[in-house]
Amino acid sequence: MAVISVRDVLTKQRFLRAAVIGEPDSGKTSTSGTMTPGLPTCVICSAPTSQMIVHHPDVRIFTPADFKETVNALKAPETQFGQNIGTLVWDDATFTIGRALEEKGILTAAEPRRVYKDVQFALEGALLFTIRKAFHFVIIAQARRMMNEISGLDEITLDVPPSMENSIVAAVDYAFFVVRERKPEAVPHISVVPVKRTVTKVKLTREQFGKSLLANEEPADLALIWSKLNPTRRETNATVA
């Protein structure tokens with residue numbers, strides 16, 4: 001049995017898998033389009049009021065008609081966007097899951113738990129396909145703040161049912177909370193904070209990488225953050241320097 005260190009796994013990690021969460025109109029979608037300026041950013045846009053990415057020269061958008069089309073697009077985005085995908089953005093998980101539950105009659109179902117299980121099973125199956133592909137993958141979701149009764153501190157989590165949250169968390173390596181002050185001239189920035197229930201399963205907190213890698217707050221630029229987090233790129237930069 002081969003023993004693989006965490007460092008070896010991280011070194012081989014060439015593509016970002018991240019959840020970008022935040023309040024409405026905080027800049028989540030535009031932040032997610034900063035990864036690959038030389039390659040298309042492809043958006044599976046299920047949220048009707050989504051803010052389109054404006055800071056990328058090549059944005060391609062697919063709007064699924066229902067949950068089934070969203071699942072199929074996550075499984076095989078090449079059918080919608082072609083093979084040349086730089087970053088795939090799913091915008092957004094909160095709306096998609098809510099609509100899926102409605103489509104399956106959650107409000108009138110005799111067994112609501114069965115409806116949740118069906119949606120979760122379809123979502124997990126789709127994400128297993130997505131995360132194996134050779135491009136960056138960003139999941140956008142609304143944020144929900146919760147008070148931890150033990151610590152008395154606010155916790156930030158994805159605004160989706162807990163079982164769905166676990167499915168999304170299992171598919172990403174990082175999660176970032178986008179913060180934007182309520183001022184017209186305010187520039188979004190990323191707050192590097194833990195997302196509820198992801199610390200043990202996901203390489204998330206800056207302490208796990210060393211405090212020198214990320215500050216508590218970073219510019220809302222995923223490409224810049226990825227250059228700091230990705231070990232291969234850090235080692236290459238160090239060698240060049």
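**Exercise 1. Ser227**

Decide whether Ser227 is buried or exposed in this predicted model, and find which backbone oxygen its side chain reaches.

*Solution.*
- Start with the relative accessible area of Ser227, which is 18%.
- Buried means under 20%, so Ser227 counts as buried.
- Next, place the residue: Ser227 is found in helix H8, and this helix covers residues 222-229.
- Finally, follow the side chain of Ser227 to the backbone oxygen of Leu224, at 2.5 Å.

**Exercise 2. Aromatic rings**

Work out how many aromatic pairs there are, and say how the rings of Tyr174 and Phe176 are arranged.

*Solution.*
- A pair of aromatic rings is described by the distance of the centres and the angle of the planes.
- Rings pair if their centres lie within 6.5 Å, and by this rule the count comes to two aromatic pairs.
- Take Tyr174 and Phe176 to begin with: their ring centres are 6.3 Å apart and their planes meet at 10°. Planes under 30 degrees apart count as stacked, so this pair is stacked.
- Now turn to Tyr174 and Trp226, with 6.1 Å from centre to centre and 75° between the planes. An angle over 60 counts as edge-to-face, and that is the label for Tyr174 and Trp226.
- Put the pairs together, and you have a cluster in which ring pairs link Tyr174, Phe176 and Trp226.

**Exercise 3. Where the cluster sits**

Find which elements Tyr174 and Trp226 belong to, and decide whether Tyr174 and Phe176 are buried or exposed.

*Solution.*
- Tyr174 is in strand S7 (residues 174-179), while Trp226 is in helix H8.
- The two residues are 52 residues apart, so their pair links distant parts of the chain.
- For Tyr174 the relative accessible area is 1%, which makes this residue buried.
- Phe176 also has a value of 1% and is buried.
- Trp226 is buried as well.

**Exercise 4. Val169**

Say which helix holds Val169, and give the separation between the C-alpha atoms of Val169 and Ile139.

*Solution.*
- Look for Val169 in helix H7, residues 162-169.
- With a relative accessible area of 5%, Val169 is buried.
- Val169 and Ile139 are 30 residues apart along the chain, and 9.9 Å separates their C-alpha atoms.

**Exercise 5. Cysteines**

Count the disulfides, then decide whether Cys42 and Cys45 are buried or exposed.

*Solution.*
- A disulfide needs two cysteine sulfur atoms within 2.5 Å; by this rule there are zero disulfides.
- Cys42 has 0% relative accessibility and counts as buried.
- Cys45, at 6%, is buried too.

Methods
Residues are numbered from 1 along each chain as its sequence is written. This is a predicted model: local features need pLDDT of at least 70, side-chain atom pairs count only at pLDDT 80 or more; totals for chains, interfaces and linings use all residues. Side-chain values use heavy atoms; hydrogens and water are left out. Rings of Phe, Tyr and Trp (its six-membered ring) pair if their centres lie within 6.5 Å; planes under 30 degrees apart count as stacked, over 60 as edge-to-face and the rest as tilted. Buried means under 20% relative accessible area, exposed over 50%, partly exposed in between (1.4 Å probe, protein chains only). Helices (H or I, at least four residues) and strands (E, at least two) are DSSP runs, numbered from the N terminus. A polar contact is a pair of N or O atoms within 3.5 Å; within protein, one must be able to donate a hydrogen and the other to accept it, and residues adjacent in sequence count only if both atoms are side-chain atoms.
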